Amino acid sequence: MLIWRNGEFVDWEKATVHVTTHALHYGSSVFEGIRAYRTKQGTAIFRLQPHMQRLLNSAKIARIEVPFTEAQFNEAALEIVRRNGHESCYMRPIVFRGAGVLGVEGRKNPTECVIFTLEWGRYLGKEAIEQGVDVQISTWRRVAPDTGASLAKIGGQYVNSQFISMEAHDGGFTEGIALDFNGTVSEGAGENIFVVYEGTVYTPGIGSSILNGITRDSVIKLMGDLGMNVRFEAIPRDLLYIADEIFFTGTAAEITPVRSVDRIKVGKGSRGPITQALQEEFFAITSGEKADRHGWLTPVYQTEKQESSG
Ligand code: PMP
């Protein structure tokens with residue numbers, strides 16, 4: 001397995017960092033999680049451009065200077081999948097402040113840019129996609145808009161996500177949902193949330209300390225295709241207890257139903273019809289069974305195949 005690092009392809013074992021690396025001490029990294037799917041037409045990366053745009057926007061927010069362009073990241077992502085010969089995989093681009101100068105501010109350290117890949121299945125478990133997951137409302141809140149930058153995927157902020165997930169696991173739940181600084185619903189530790197109540201779909205707006213999820217955006221577009229509307233609103237916690245359906249979205253979680261919140265059953269306690277309809281659409285597109293009508297898939301091996309067939 002190879003890893004792309006600062007423009008070169010290096011062996012997995014050799015892609016190490018020094019213990020004085022700034023990001024290790026102060027969380028000064030920005031990263032992405034991207035999936036490459038095995039589609040009927042070959043391997044394809046899902047929503048490559050928006051992911052790399054968000055990576056560079058996260059770096060902009062974190063004031064990390066990045067010595068590569070978005071186009072270079074896109075090409076590196078395609079090439080690492082090819083070189084590792086994946087049919088499908090999870091990809092982790094990460095940009096971080098490297099080693100050299102200790103101290104919080106950190107801007108004198110060189111920037112390191114890496115993309116590695118992993119073979120990975122369903123994040124919250126295969127059954128979770130059909131059966132749903134049991135979640136709790138966390139005692140931890142998301143960072144307030146003036147104590148963090150929820151729109152950026154900054155490494156250090158994931159300590160908050162770790163608190164939320166660890167607390168949930170210790171309590172026997174699969175995941176935790178955090179409230180925002182106002183006490184209204186924000187998101188899961190690594191997933192956005194949608195709530196269906198009396199035929200209307202709600203999701204917190206970007207002012208509710210959420211990451212502006214790319215799966216969230218995909219689901220909103222699919223809802224448009226299916227003639228459904230979504231309302232971006234501050235969601236009170238108690239709506240979760242009386243919701244007909246709740247589901248998570250995320251690159252790792254894809255579209256995962258929530259079947260209980262704080263041990264209170266959501267709807268009938270199983271996947272609801274809107275969740276299922278969106279899943280079917282999502283999985284049909286990401287498997288290549290339905291046309292990629294939004295241009296979400298970037299083929300990985302197309303060039304070689306075209307060349308060899310022509
Ligand atoms: N919120 C948080 C905190 C996350 O880490 C993620 C995963 N990137 C998401 C939401 C979902 O975002 P996306 O659909 O872009 O993966």
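A cavity is a set of grid points where a 1.4 Å probe fits but cannot get out. By that test, this predicted model holds two cavities of 30 Å³ or more. The close-ups below show these cavities, the largest pocket, one strand with its partners, and several salt bridges.

**View 1. The largest cavity lies between the two domains.** Its volume is about 60 Å³. The lining consists of Arg35, Tyr37, Phe46, His51, Ile214, Thr215, Gly250, Thr251, Glu254 and Phe282. Strand β4 (34-39) and helix α6 are the elements that give two or more residues to this lining. By class, the lining of the largest cavity divides into four nonpolar, four polar and two charged residues. Domain 1 (2-120) and domain 2 (128-286) both contribute to the lining, so the cavity sits between them.

**View 2. The second largest cavity is lined in part by strands β14 and β15.** Its volume is about 40 Å³. Around it stand Asp244, Glu245, Ile246, Pro257, Val258, Val266, Ser270, Arg271, Gly272 and Thr275. Strands β14 and β15 each supply at least two of the lining residues. The lining of the second largest cavity has four nonpolar, three polar and three charged residues.

**View 3. The largest pocket holds about 750 Å³ of space.** It is lined by 39 residues. Closest to the pocket centre are Phe31, Lys153, Tyr158, Ala189 and Gly190. Several elements each supply at least two lining residues: β3 (29-31), β6 (89-97), β7 (111-118), α5 (158-170), β10 (185-188), α6 (214-225) and β14. Helix α5 gives the largest share, five residues. Sorted by class, the pocket lining has 14 nonpolar, 17 polar and eight charged residues. Both domain 1 (2-120) and domain 2 (128-286) give residues to the lining, so the largest pocket lies between them.

**View 4. Strand β15 (residues 254-261) is mostly covered.** Seven of its eight residues are buried. Strand β8 (residues 133-141) pairs with β15 in the parallel sense, over three bridges. Here Asp134 has Ser260 of β15 as its bridge partner. Strand β14 (residues 245-250) pairs with β15 in the antiparallel sense, over four bridges. In this pairing, Phe248 stands opposite Thr256 of β15. Strands β14 and β15 form a hairpin, with three residues between them.

**View 5. A second hairpin joins β15 to β16.** Strand β16 (residues 264-265) runs antiparallel to β15, and two bridges join them. Ser260 stands opposite Lys265 in β16. Two residues lie between these strands. In the turn, Asp262 has a positive phi of about 55°. Ser260 also serves as the bridge partner of Asp134.

**View 6. Glu87 and Arg38 form a salt bridge.** Their closest N and O atoms are 3.7 Å apart. Glu87 lies in the loop between α3 (70-84) and β6, and Arg38 lies in strand β4, so the pair ties together parts that are 49 residues apart in sequence. How accessible is Glu87? Glu87 counts as partly exposed, at 46% relative accessibility. Arg38 counts as exposed, because its relative accessibility of 56% lies in the range over 50%.

**View 7. Asp217 and Lys221 form a salt bridge in helix α6.** The N to O distance is 2.8 Å. The two residues are four apart in the helix, which means that about one helical turn separates them. Asp217 is partly exposed, with a relative accessible area of 25%. Lys221 is partly exposed too, at 34%. Helix α6 also appears in View 1, as an element of the largest cavity lining, and in View 3, as an element of the pocket lining.

**View 8. Lys14 and Asp11 meet in a salt bridge.** The side chains are 3.8 Å apart, N to O. Lys14 is exposed, with a relative accessible area of 61%. Asp11 counts as partly exposed, at 37% relative accessibility.

**View 9. Four charged residues share a salt-bridge network.** The network links Glu75, Glu79, Arg82 and Arg83. The structure as a whole holds 18 salt bridges.

Notes:
Residues are numbered from 1 along each chain as its sequence is written. This is a predicted model: local features need pLDDT of at least 70, side-chain atom pairs count only at pLDDT 80 or more; totals for chains, interfaces and linings use all residues. Side-chain values use heavy atoms; hydrogens and water are left out. Buried means under 20% relative accessible area, exposed over 50%, partly exposed in between (1.4 Å probe, protein chains only). Two strands pair if DSSP finds at least two bridges between them. On a 1 Å grid over the protein atoms alone, a cavity is a set of points where a 1.4 Å probe fits but cannot get out, and a pocket is an open set with protein on both sides within 12 Å along at least five of seven lines; lining residues have an atom within 4 Å of a point. Grid points are joined across faces, edges and corners, and a volume is the space filled by probe spheres set on the points. Ala, Val, Leu, Ile, Met, Phe, Trp, Tyr, Cys and Pro count as nonpolar, Asp, Glu, Lys and Arg as charged, and the others, Gly among them, as polar. Domain bounds come from an automatic or database domain assignment.
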